[in-house]
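I opened a fresh page for this structure, meaning to note down what I looked up in the order I looked.

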Amino acid sequence: MIPLTSSRIAGLGRYAPERRVENAELEARLGLDDGWILRRTGIRARRYAAEGEALTDIALKAGEAALDNAGIDRADVGLTLLATSTPDHLLPPSGPLLAHRLGLTRSGAVDLAGACAGFLYALTLADGFVRAQRRPVLVVAANILSRRINPKDRSSAVLFADAAGAVVLVPSDDPASGVLGMDLSSDGTHYDLIRIPAGGSRMPFAPDLAAEAVLMEMPDGKAVFTLAVEMMTRSARAALAQAGISAGEVTRFVPHQANTRIFEMVRRALGLPEESVVSTIDEFGNSSAATIPFSLAASVERKPLERGERVLMTAVGAGLTGGAVLYAVG
């Protein structure tokens with residue numbers, strides 16, 4: 001009989017483009033008061049990709065870092081999952097190109113479009129693959145949202161950014177390690193709260209298509225805020241309950257970096273200690289699915305994970321998609 005397997009994070013990596021865009025630049029363009037963005041979002045600056053820098057270019061750098069950090073043979077990687085809303089092309093998917101550029105010659109590869117919750121969906125799928133196949137999985141979450149925001153729309157233009165984060169999951173025989181609790185959710189009744197109207201089968205590209213139709217819209221930011229707090233809190237509670245872990249045992253809380261007010265409300269609702277929060281939003285903004293692995297990698301650079309730690313991650317994204325994962329360090 002094949003022994004039960006868990007998974008563990010063997011490597012982490014992150015990358016942010018060099019171009020740093022401060023609030024003052026956006027506030028001047030949008031006619032906003034000095035300090036408006038920071039007060040409402042917690043963001044001071046964000047990174048934008050350089051001209052000619054594509055999604056797989058930034059995903060490659062995060063993936064390289066995670067694989068090098070893991071120190072595994074790349075031929076052993078069985079699956080590459082790329083969580084993104086901004087692939088290089090609508091077709092083909094970018095995952096196979098990423099795997100090829102990384103030298104993952106024996107890996108399956110696919111894109112996963114879960115918006116801001118995409119990394120958590122990919123992480124749970126990766127955990128299942130590792131348990132079933134006993135082979136490592138590379139999960140990369142990356143976005144270049146600077147090319148999808150409407151520069152005239154204050155609700156989205158001040159938030160979104162470009163970055164990539166990656167993790168390598170490998171098999172572990174320690175049942176106390178790995179993904180101990182998870183919850184994935186969706187709410188299609190709010191499907192249109194965050195959207196890019198054109199480019200799909202409902203509104204194909206056409207010569208007379210308005211330029212704004214291929215840019216992001218968030219017509220009701222207040223509703224997104226409220227629903228994000230509710231869904232992130234609910235999923236986090238479910239993941240904690242499944243793992244049998246109390247909020248007081250969480251050592252690192254890594255929320256999706258959407259807005260400091262959102263994740264602070266979630267933290268208080270869950271009763272998590274303030275010192276557990278991992279945040280990079282002030283300098284890097286909201287890069288959708290990339291924010292959780294990017295922030296976790298940044299946190300581990302400052303303080304390595306230690307055996308016995310409990311890491312809680314939660315997110316909500318367009319669709320609406322949502323989820324939470326409780327990861328235990330073995």
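Which residue follows H3, and what is the sign of its phi? I found that glycine 71 comes after H3, and that its phi is positive, near 65°. Before going further I reminded myself that I was reading a predicted model.

Entry on helix H3. I looked up its extent, residues 55–70, and checked its length: at 1.5 Å a residue its 16 residues should span 22 Å, and since the end C-alpha atoms lie 23 Å apart, the two figures agree. I then listed its buried residues, which are Leu55, Thr56, Ile58, Ala59, Leu60, Ala62, Gly63, Ala66, Leu67 and Ala70. When I asked what these buried residues pack against, I came to strand E1 (6–15), strand E4 (79–83), helix H4 (95–101), strand E6 (137–144) and strand E7 (162–172).

Entry on the sheet. Four of these names led me on, and I found an open sheet of five strands with mixed pairing, in the order E1-E7-E6-E4-E5. E1 and strand E5 (108–112) are at its edges, and because each has a single partner strand, one side of each is left without a neighbour in the sheet. On average, neighbouring strands here are turned by 15° against each other, direction ignored. Looking at one pair in detail, I noted that E6 and E7 are joined in the antiparallel sense over eight bridges, and that leucine 138 stands opposite valine 168 in E7.

Entry on helices over the sheet. I saw that H3 lies across E1, E4, E6 and E7 and runs at about 130° to E1. Helix H10 (residues 291–302) also packs on the sheet, where it touches E1, E6 and E7, and its direction makes about 90° with that of E1.

Entry on the cores. The largest nonpolar core has 45 residues, and I wrote down Ile37, Val158, Ile262, Leu272, Leu312 and Leu326 as those with the most contacts inside it. Among the elements that each supply at least two residues of this core are helix H1 (23–30), helix H2 (36–41), helix H8 (260–270) and strand E10 (310–317), while H7 gives the most, with eleven residues. Apart from this core lies another, of 33 residues, including Ile9, Val130, Val137 and Met313.

Last entry. What is valine 158 in contact with, leaving aside its neighbours within four places in sequence? I listed Leu26, Leu30, Leu32, Trp36, Ile37, Thr41, Ile43 and Arg46.

How values were computed: Residues numbered from 1 in each chain as written. Predicted model: local features only at pLDDT ≥ 70, side-chain atom pairs only at ≥ 80, totals over all residues. Heavy atoms only, no water. Helix = DSSP H or I, 4+ residues; strand = E, 2+ residues; numbered from the N terminus. Expected span 1.5 Å × (residues − 1). Buried < 20%, exposed > 50% of the residue type's maximum accessible area, 1.4 Å probe, protein only. Contact = heavy atoms within 4.5 Å. Core = buried A, V, L, I, M, F, W, Y, C linked by side-chain atoms within 4.5 Å. Pairing = 2+ DSSP bridges. Axes fitted to C-alpha atoms, helices over the stretch in contact; angles between N-to-C directions.
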